[in-house]
Amino acid sequence: MDKQIKSRERVVDHGEVFTNEREVNAMLDMVEGECERIDSRFLEPACGDGNFLAEVLRRKLEVVKRRYGSSSIDYERHAFVAVSSLYGVDLLSDNAAACRKRLFEQFIGEYAKVAKGRVNAAFLDTIRTVIDMNILCGNALSMRLVDESQEDTDEPIIFSEWSLAMGDRVKRRDFRLDELLEGQRQQMSLFGSSGSPASEWEYDESVKAYIPLPIREYPLTSIYQIGAAA
Ligand SMILES: C[S@@+](CC[C@H](N)C(=O)[O-])C[C@H]1O[C@@H](n2cnc3c(N)ncnc32)[C@H](O)[C@@H]1O
């Protein structure tokens, strides 16, 4: 119970009660296949210090190690896909920071075992950058970034989609979270009636659904240069 609550005030003010490990595992077991699909994307909208994201990352990295552990380049490419598929938002900056730190340290621990001490510093720089960009301090209800007092700013929550393209190169596209979720909602009702999506959406093969157009696209970048380019 101690690990589930930090203080009475935080429970009252922010509903901060962390999920225990047994429940996290039971819930993730219900989507076991997705947790083992290296490129399936997960968003934990009130992530706290990342109880769900950390377990999904653990499961995905197990798969990456089993399949690609014998080649450092293949391991790094697929480990990048695993970590870059995880997204989180939390209202409290200390929780968002704890979540980033936890995922990064967990990643280094697994990677160092596979790399047997020969870790690639540029690759780790990329992993840190991606985790920093994927775990944001924001309001999951208004879908805006928040300031130090947890007040909404004018800035929408924007997430980058990372997709492995050729070799070690990655395509980055930015989306507004509110548009992604609104698109999904409208799509469900549109498909129920007319069967066709709004014209400004595009069909995304990786998620097998229509999604809004990205607000920004970037040139292909190597997984060894994303950290330096940020
Ligand atoms: C019940 S805890 C859950 C944490 C974690 N998902 C878990 O299962 O262990 C709720 C978390 O939601 C955050 N939170 C509360 N309201 C939020 C909001 N509107 N947007 C984003 N995060 C919020 C709190 O700061 C807290 O970290």
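A pocket is an open set of grid points, laid over the protein atoms alone, with protein on both sides within 12 Å along at least five of seven lines. In the predicted model examined here, about 400 Å³ of space lies in the second largest pocket. The lining of this second largest pocket is formed by 21 residues, and those nearest its centre are His-14, Ala-46, Cys-47, Gly-48 and Asp-90. Two elements, H4 and E3, give two or more residues each to that lining. Sorted by class, the lining of the second largest pocket comprises 10 nonpolar, 8 polar and 3 charged residues.

The second largest pocket is also the place where the ligand sits. Around the ligand there are 21 residues, of which Thr-19, Glu-44, Ala-46, Asn-51 and Asp-90 are the closest. Ala-46 and Asp-90 thus appear both among the residues closest to the ligand and among those nearest the centre of the second largest pocket. Helix H4, which spans residues 51-68, and strand E3, which spans residues 135-139, each contribute at least two residues to the shell around the ligand. By class, this shell holds 10 nonpolar, 8 polar and 3 charged residues.

Several contacts between the ligand and the protein can be described atom by atom. A ligand nitrogen lies 2.6 Å from an N or O atom in the side chain of Glu-44. At Ala-46 the partner belongs to the backbone: a polar backbone atom of this residue is 2.7 Å from a nitrogen atom of the ligand. The side chain of Asn-51 provides an N or O atom at 2.8 Å from an oxygen atom of the ligand. Taken alone, the ligand exposes 600 Å², and 85% of that area is buried by the protein.

The largest pocket of the model has a volume of about 870 Å³. It is lined by 31 residues, and the closest to its centre are Arg-41, Tyr-87, Leu-180, Val-207 and Ile-211. Both helices and strands supply at least two residues each to the lining of the largest pocket. The helices are H5 (72-84) and H8 (177-193), while the strands are E1 (42-44), E6 (158-164) and E9 (209-212). In terms of residue class, the lining of the largest pocket contains 16 nonpolar, 9 polar and 6 charged residues.

Notes:
Residues are numbered from 1 along each chain as its sequence is written. This is a predicted model: local features need pLDDT of at least 70, side-chain atom pairs count only at pLDDT 80 or more; totals for chains, interfaces and linings use all residues. Side-chain values use heavy atoms; hydrogens and water are left out. A residue is near a molecule or strand if one of its heavy atoms lies within 4 Å of it. A polar contact is a pair of N or O atoms within 3.5 Å; within protein, one must be able to donate a hydrogen and the other to accept it, and residues adjacent in sequence count only if both atoms are side-chain atoms. Accessible areas come from the Shrake-Rupley method with a 1.4 Å probe; for residues, only the protein chains shown count as cover. On a 1 Å grid over the protein atoms alone, a cavity is a set of points where a 1.4 Å probe fits but cannot get out, and a pocket is an open set with protein on both sides within 12 Å along at least five of seven lines; lining residues have an atom within 4 Å of a point. A molecule sits in a cavity or pocket if more than half of its atoms lie within 2 Å of its grid points. Helices (H or I, at least four residues) and strands (E, at least two) are DSSP runs, numbered from the N terminus. Ala, Val, Leu, Ile, Met, Phe, Trp, Tyr, Cys and Pro count as nonpolar, Asp, Glu, Lys and Arg as charged, and the others, Gly among them, as polar. Grid points are joined across faces, edges and corners, and a volume is the space filled by probe spheres set on the points.
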